[in-house]
Amino acid sequence: MTLILTAGSAEEPVTLAEARAFLRLDDTSEDTLVTALITAARATLEAETRRAFVTQHWRLLVDRFPEDAIVLPLAPVSAVSAISLIARTAPDEALDAALYELDLAGEPPRVWRADGAVWPKAKRRIAGIAIDFTAGYGGAASVPQPLKQAVLMLVAHWYETRLPVAYDGAASDIPLTVAALIAPYRRFRF
């Protein structure tokens, strides 16, 4: 299973102005660093929670169809735009939407084989099936406030502490307060 970002976020969940206010920065000399920290904090927290914060487009490649459902590795998912069979030389073949049902509100989001439908055989043995989907809460205004606060706090932590901090002898890049903020949003692997 391979997950590929096809179109990233058009915006970050927090603005440079919000981060500068949180950091109490009056001048703009550190704007490049703060902007990079915002992006890094968002990406880190998305990886920790297995969620997309702001709308992004992804492609999931799988080898073969499972017996029941394909689990999408990110949440929330707002749409599955296509499921395709990938051939070595021919164009991708889009599957008829009647072959599958979507459970996008579920945790985890899933693509189910429709009742009575039969999954087609993949044309390639490796990464022969592509699922194109849209993940994220929407625009920055739709991102839950605890996740925005976690981004701001992680930006502030990294701004003030340029090296990893050891807690009980183990290095960690995420302070406990940030971990507590993201805990309700964390998706676990079963």
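**Helices, sheets and a pocket: why the labels fit**

User: Why are H1 and H3 called oblique to each other?

Analyst: A quick word first: this is a predicted model. The axes of H1 and H3 cross at roughly 60° and come within 10 Å. Angles under 35 degrees count as roughly parallel, and 65 to 115 as roughly perpendicular. Roughly 60° fits neither range, so H1 and H3 are oblique to each other. Their crossing is right-handed.

User: What makes H2 and H3 oblique to each other?

Analyst: Same kind of check. Helix H2 covers residues 31-49 and helix H3 covers residues 145-160, and they pack at an angle of about 125°. The perpendicular range stops at 115 and the roughly antiparallel one needs over 145. About 125° falls in between, and therefore H2 and H3 are oblique. Their axes lie 9 Å apart, and H2 passes H3 in a right-handed crossing.

User: What makes E1 and E5 edge strands?

Analyst: Start with the open sheet of five strands, whose order is E1-E2-E8-E4-E5, with antiparallel pairing. Strand E1 (2-7) and strand E5 (93-94) are its edge strands, as each pairs on one side only.

User: How do you know that E2 and E8 count as a pair?

Analyst: Pairing takes at least two bridges between the strands. Seven bridges join strand E2 (residues 56-62) to strand E8 (residues 129-135), so the cut-off of two is met. These two strands run antiparallel. If you want a spot to look at, find Leu 60, which stands opposite Ile 131 in E8.

User: Why do E3 and E6 stand at the edges?

Analyst: They belong to an open sheet of three strands in the order E3-E7-E6, again with antiparallel pairing. E3 and E6 each have a single partner strand, so one side of each is left without a neighbour in the sheet. On average, neighbouring strands here are turned by 20° against each other, direction ignored.

User: What makes E6 and E7 a pair?

Analyst: Four bridges, in the antiparallel sense; at least two would do, so E6 and E7 qualify. One place to see it is Asp 103, whose bridge partner in E7 is Arg 110.

User: What makes Arg 24 stand out by its phi?

Analyst: Most residues other than glycine have a negative phi. Arg 24 isn't glycine, yet its phi is positive, near 60°. You'll find Arg 24 in the loop between helix H1 (16-23) and H2.

User: Which kind of peptide bond joins Ala 75 and Pro 76, and which joins Glu 107 and Pro 108?

Analyst: Most peptide bonds are trans. The one between Ala 75 and Pro 76 is cis, with omega about -20°, and so is the one between Glu 107 and Pro 108, with omega about 5°. Pro 76 sits in the loop between strand E3 (69-71) and strand E4 (77-85), while Pro 108 is in the loop between strand E6 (100-103) and strand E7 (110-113).

User: How many charged residues are in the lining of the second largest pocket?

Analyst: Six charged residues, against four nonpolar and no polar. The lining includes Asp 63, Arg 64, Lys 121, Lys 123, Arg 124 and Arg 125; Asp, Lys and Arg count as charged, so these six do. Phe 65, Trp 119, Pro 120 and Ala 122 line it too, and Phe, Trp, Pro and Ala count as nonpolar. About 170 Å³ of space lies in this pocket.

Technical notes. Residues numbered from 1 in each chain as written. Predicted model: local features only at pLDDT ≥ 70, side-chain atom pairs only at ≥ 80, totals over all residues. Heavy atoms only, no water. 1 Å grid on protein atoms, 1.4 Å probe; cavity = no way out; pocket = protein on both sides within 12 Å on 5 of 7 lines; lining within 4 Å. Points joined across faces, edges and corners; volume = space filled by probe spheres on them. Axes fitted to C-alpha atoms, helices over the stretch in contact; angles between N-to-C directions. Left-handed = near helix turned anticlockwise from the far one by under 90°.
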